[in-house]
Amino acid sequence: MSCSSNVSSAEVFQVSAMHPHQTVHFLTTKPQRPITLPANVSYLTIREYGAVPLPYPENYFSHIRASTLPSLVPSSKLPELFRECYKLLAPGGLLEIRIMDAAPVRKTTGPLLRTWIEDRLATNLERLFRCSKPCLLVPNWLADAGFDLTSPEDEPNVALPCANDLFAFDVDKELSTTIGRALWKDVWGPFVDEIPGEPKWWWEDAHIIQECVERQTVLECRAMFAYKT
């Protein structure tokens, strides 16, 4: 059995195709849409993300997969949720989490982008008790829940550029930049304040982009694999 929580429907189709002989439990807060799901997918609408206990017996799942948890669940509830995941996993089971920090790596961030983050994002994260630095904090919470984490060398943090020099003709960096912005928008975009007359996103501000190019500003993200031993 595998469980996918707060992932996209595309990911659910992918997981179900990769494991056609296993039941994939898809947990979401959204009512099921009139779309035909693969036969091995079980759809469950839950009240809210982070609510425990989940309606499954202990040692039920072999694999739990989650995306964007720190943006969906208040940080005070994450440790309890990780303990619930540990309880639901069978011995040897895997918890797979993908996380991204809200702000770029500090030593690469210039004053313009730092001000944008503080004015347009940081206050909302604090008000809603969201963890803005999950790459730093989530590993500790997982260890406290009893999980055995692979070493940092096995799953290093990934640095994605915030901007690329259009005159450099670096296809790989341009693609990494596009992916980084899309991930950031998906995770943290709902918390961004809109200001009339100003660009919605920081990468639409030419001055911020130039600063990011000069300082080689990067976003930090990570895929974590935690085992119940």
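The following paragraphs describe the nonpolar cores and the salt bridges of this structure, which is a predicted model.

The interior is considered first. In soluble globular proteins, nonpolar side chains tend to be buried together. In this model the largest nonpolar core comprises 28 residues. Within that core, the residues touching the most other members are Ile64, Leu69, Phe82, Leu95, Val138, Leu142 and Phe147. Two or more core residues are given by each of strand 4, helix 3, strand 5 (89–100), helix 5 (134–144) and strand 8 (218–227). Helix 3 supplies the largest share, with five residues. Another core, of 23 residues, lies apart from this one. Met100, Leu160, Trp202 and Cys212 are among the members of that other core.

Attention now turns to the charged side chains. The model contains eight salt bridges, counted where a side-chain nitrogen of Lys or Arg lies within 4 Å of a carboxyl oxygen of Asp or Glu. Glutamate 48 takes part in a salt bridge with arginine 47, at an N to O distance of 3.9 Å, and in a salt bridge with lysine 77, at 3.4 Å. The pair formed by lysine 77 and glutamate 48 links distant parts of the chain, 29 residues apart. Lysine 77 belongs to the loop between helix 2 (69–72) and helix 3 (78–88), whereas glutamate 48 is found in the loop between strand 3 (41–45) and strand 4 (61–67).

The accessibility of these three residues can be stated individually. Arginine 47 has a relative accessible area of 70% and is therefore exposed, since the class requires a value over 50%. Glutamate 48, at 33%, is partly exposed. Lysine 77 likewise counts as partly exposed, with a relative accessibility of 29%. The 3.9 Å contact thus joins arginine 47 and glutamate 48, of which arginine 47 is exposed and glutamate 48 partly exposed.

A further salt bridge is formed by the side chains of glutamate 194 and lysine 200, with an N to O distance of 3.3 Å. Glutamate 194 is exposed because its relative accessible area is 62%. Lysine 200 counts as partly exposed, because its relative accessibility is 22% and values under 20% are required for a buried residue.

Finally, salt bridges also join side chains into a network. Its members are Glu11, Arg65, Glu96 and Arg98.

Note on methods:
Residues numbered from 1 in each chain as written. Predicted model: local features only at pLDDT ≥ 70, side-chain atom pairs only at ≥ 80, totals over all residues. Heavy atoms only, no water. Buried < 20%, exposed > 50% of the residue type's maximum accessible area, 1.4 Å probe, protein only. Helix = DSSP H or I, 4+ residues; strand = E, 2+ residues; numbered from the N terminus. Core = buried A, V, L, I, M, F, W, Y, C linked by side-chain atoms within 4.5 Å.
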